[in-house]
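Student: I am new to this structure and would like to learn how to read it. Could we take it feature by feature?

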Amino acid sequence: MSKYLIAGNWKMNTNLDEAKKITDSLHSFIGFDSEVEMLICPPFTHLVFLSEIIDLSRISLGAQNVHYEEKGAFTGEISNEMLLSVGCEYVIIGHSERRTLFGETDEMVNKKVMNSLKTGLRVILCIGETLEERESDNTNSVLETQLNKALLGVDTTINLKIAYEPVWAIGTGRTASVEQISETHGFISNYLNNRFGTNTIKKLYGGSMNSENAKEILSIPNVNGDLIGGASLKPENFISIYNSALELC
Ligand code: PGA
């Protein structure tokens, strides 16, 4: 199992040509390394094309969302099977933008997690508190509730990863401090240990990661990778973050 997972969440950015260029650049920089896994999560429309040009032994492919039903009359939605059929290994579930902008509830997140795990996709479950929740000292209870609800009925952890993304740090240029990340990742780690009796579940940090702060954040105990938005669209920045992880191995 790799030591670090460096994941790029491209969000609703890039047309297909731009996506191919980014992917080509990543390929030309990256060799195969078993200690650090690189993952890109481009928009749905690019997945099938990118899976044809990506060497999946060097770069893994993931989606940013999925529907929880297997198939049927769900206009505009994408299923787990569809993702698997185009070479996706991973799916991001419960990102705060899905929760706040698209009304995704904890119950929906739970159904998605259950079904994706059942189908064999690797799940990156996102959790995180708002600024108001942090300032009123409710971070741990908010995270605990999100974890309780998202993981209700989940009994396998093999393909489960958790991304801690403070909502106030996403896309704001404001990163959580080393102390905050350390404390929160410690809390999540204890939760997972108590709940599943294992500390092998990867915990990623996300929120304004960049090439300058990557090494410091990745060296915090219980941080096993990053979920990177903005900086993942610039290959040189993404590679630099990836290299920071390599240096720590
Ligand atoms: P950011 O986004 O790196 O642009 O802050 C992180 C995320 O939303 O996953």
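Tutor: Start with Ile54, which is found in the loop between helix H2 (44–53) and strand E3 (59–63). Keep in mind that this is a predicted model.

Student: Is Ile54 buried or exposed?

Tutor: A residue counts as buried when its relative accessible area is under 20%. Ile54 has a relative accessible area of 7%, so it is buried. The chain also brings another residue into the picture: Leu26 is 28 residues apart from Ile54 along the chain, and their C-alpha atoms are separated by 9.7 Å.

Student: Where is Ala176 found?

Tutor: Ala176 is in the loop between strand E6 (160–164) and helix H8 (178–196). With a relative accessible area of 6%, Ala176 is buried. Its C-alpha atom and that of Ser136 are separated by 16 Å, and the two residues are 40 apart along the chain.

Student: Lys112 has a charged side chain. Why does Lys112 count as buried?

Tutor: The reason is its relative accessibility of 4%, because the cut-off for buried is under 20%. Lys112 is found in helix H5 (residues 106–119).

Student: What does the side chain of Lys112 reach?

Tutor: It reaches the backbone oxygen of Val66 at 3.0 Å. In addition, a polar contact of 2.8 Å joins the side chains of Lys112 and Asn65.

Student: How do I read a phi angle?

Tutor: Look at the sign. Most residues other than glycine have a negative phi. Lys11 is not a glycine, yet it has a positive phi of about 55 degrees. Lys11 is found in the loop between strand E1 (4–9) and helix H1 (16–29).

Student: What is the phi of Asn222?

Tutor: Asn222 has a positive phi of about 70 degrees, although it is not a glycine. Asn222 is in the loop between helix H9 (214–218) and strand E8 (225–228). Its relative accessible area is 30%, so Asn222 is partly exposed.

Student: Which residues come nearest to the ligand?

Tutor: There are 13 residues around the ligand, and Lys11, His95, Glu165, Gly171 and Ser208 come nearest. Lys11, with its positive phi, is thus met again here. By type, the shell around the ligand divides into four nonpolar, seven polar and two charged residues.

Student: How should I read the distances between the ligand and polar atoms?

Tutor: Ask which atoms form each pair. For His95, an N or O atom in the side chain is 2.6 Å from an oxygen atom of the ligand. For Gly229, a polar backbone atom is 2.8 Å from an oxygen atom of the ligand. For Gly230, a polar backbone atom is 2.9 Å from an oxygen atom of the ligand.

Student: How much of the ligand's accessible area does the protein cover?

Tutor: On its own, the ligand has 280 Å² of accessible area, and the protein covers 95% of that.

Student: What is the volume of the largest pocket?

Tutor: The volume is about 450 Å³. A pocket is read by its lining as well. Here 16 residues line the largest pocket, and Lys11, Met12, Gln64, Arg98 and Phe102 lie nearest its centre. Helix H4 (residues 96–101) gives the largest share of the lining, three residues.

Student: How do the lining residues of the largest pocket divide?

Tutor: They divide into seven nonpolar, five polar and four charged.

Methods
Residues are numbered from 1 along each chain as its sequence is written. This is a predicted model: local features need pLDDT of at least 70, side-chain atom pairs count only at pLDDT 80 or more; totals for chains, interfaces and linings use all residues. Side-chain values use heavy atoms; hydrogens and water are left out. A residue is near a molecule or strand if one of its heavy atoms lies within 4 Å of it. A polar contact is a pair of N or O atoms within 3.5 Å; within protein, one must be able to donate a hydrogen and the other to accept it, and residues adjacent in sequence count only if both atoms are side-chain atoms. Accessible areas come from the Shrake-Rupley method with a 1.4 Å probe; for residues, only the protein chains shown count as cover. On a 1 Å grid over the protein atoms alone, a cavity is a set of points where a 1.4 Å probe fits but cannot get out, and a pocket is an open set with protein on both sides within 12 Å along at least five of seven lines; lining residues have an atom within 4 Å of a point. Grid points are joined across faces, edges and corners, and a volume is the space filled by probe spheres set on the points. Helices (H or I, at least four residues) and strands (E, at least two) are DSSP runs, numbered from the N terminus. Buried means under 20% relative accessible area, exposed over 50%, partly exposed in between (1.4 Å probe, protein chains only).
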